[in-house]
Amino acid sequence: LELLGLVAWQLNRWVMVKRLGEGGYSPDRISTVTGLRPWQVQRLQSEVAHRSLDALEGLLERCWRLDVDAKSGRAIPELAVEELVVGACVT
């Protein structure tokens, strides 16, 4: 379950940086608004450059659903993490 939380944290950072970038924010402004360091913004932007905002938001939503399912016993946590990571790699 902790791994799902970490994946959700990273996906949320991707969504935030992608959304701000598509909103016209410069990397320096994204850094100021988010509290991320400029090098972190550059790295995150390179990680999401080939992904659409819709795809990233879909992955984040899927992650939260898997987290709820794992916590409620509807999914096996280890398999949920594996499913999410595989899905992220092919999206």
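**Helix 1 against helix 3, and the core around them**

In this predicted model, one face of helix 1, made up of Q10, R13, W14, V17 and K18, meets Q40, V41, L44, Q45, E47 and V48 of helix 3. Sorted by character, the residues of this contact come out as five nonpolar, three polar and three charged. As for geometry, two packed helices are described by the angle between their axes and the distance between the axes. Here helix 1 spans residues 2-22 and helix 3 spans residues 38-48, and the two pack at an angle of about 90°, with their axes 9 Å apart. That angle makes helix 1 roughly perpendicular to helix 3.

W14 is a good place to look at this contact in detail. The residue sits in helix 1 and, with a relative accessibility of 13%, counts as buried, because the cut-off for that label is under 20%. Leaving out residues up to four places away in sequence, W14 touches L44, E47, V48, R51 and L56. With E47 there is also a polar contact, side chain to side chain, at 2.7 Å. A little further along the chain comes A55, 41 residues from W14 in sequence, and the C-alpha atoms of these two are 11 Å apart.

W14 also turns up in the largest nonpolar core, which has 23 residues; together with L4, L11 and C63, W14 touches the most other members. At least two residues of this core come from each of helix 1, helix 3, helix 4 (53-71) and helix 5 (77-90). L11, for its part, is in touch with L59, L60 and C63, once residues up to four places away in sequence are set aside.

Helix 2 (residues 27-34) brings in S31. Polar or not, S31 counts as buried, at 12% relative accessibility. A polar atom of the S31 side chain lies 2.5 Å from the backbone oxygen of L36. Beyond its neighbours within four places in sequence, S31 is in contact with L36, R37, P38 and V41. V41 is thus a shared partner, since this residue of helix 3 is also part of the contact with helix 1.

Q42, another residue of helix 3, tells the opposite story in terms of accessibility: Q42 is exposed, with a relative accessible area of 52%. Its C-alpha atom is separated by 15 Å from that of G24, a residue 18 places away along the chain.

Note on methods. Residues numbered from 1 in each chain as written. Predicted model: local features only at pLDDT ≥ 70, side-chain atom pairs only at ≥ 80, totals over all residues. Heavy atoms only, no water. Axes fitted to C-alpha atoms, helices over the stretch in contact; angles between N-to-C directions. Helix = DSSP H or I, 4+ residues; strand = E, 2+ residues; numbered from the N terminus. Parallel < 35°, antiparallel > 145°, perpendicular 65-115°, else oblique. Contact = heavy atoms within 4.5 Å. Nonpolar A, V, L, I, M, F, W, Y, C, P; charged D, E, K, R; others polar. Core = buried A, V, L, I, M, F, W, Y, C linked by side-chain atoms within 4.5 Å. Buried < 20%, exposed > 50% of the residue type's maximum accessible area, 1.4 Å probe, protein only. Polar contact = N/O pair within 3.5 Å; in protein donor to acceptor, adjacent residues only side chain to side chain.
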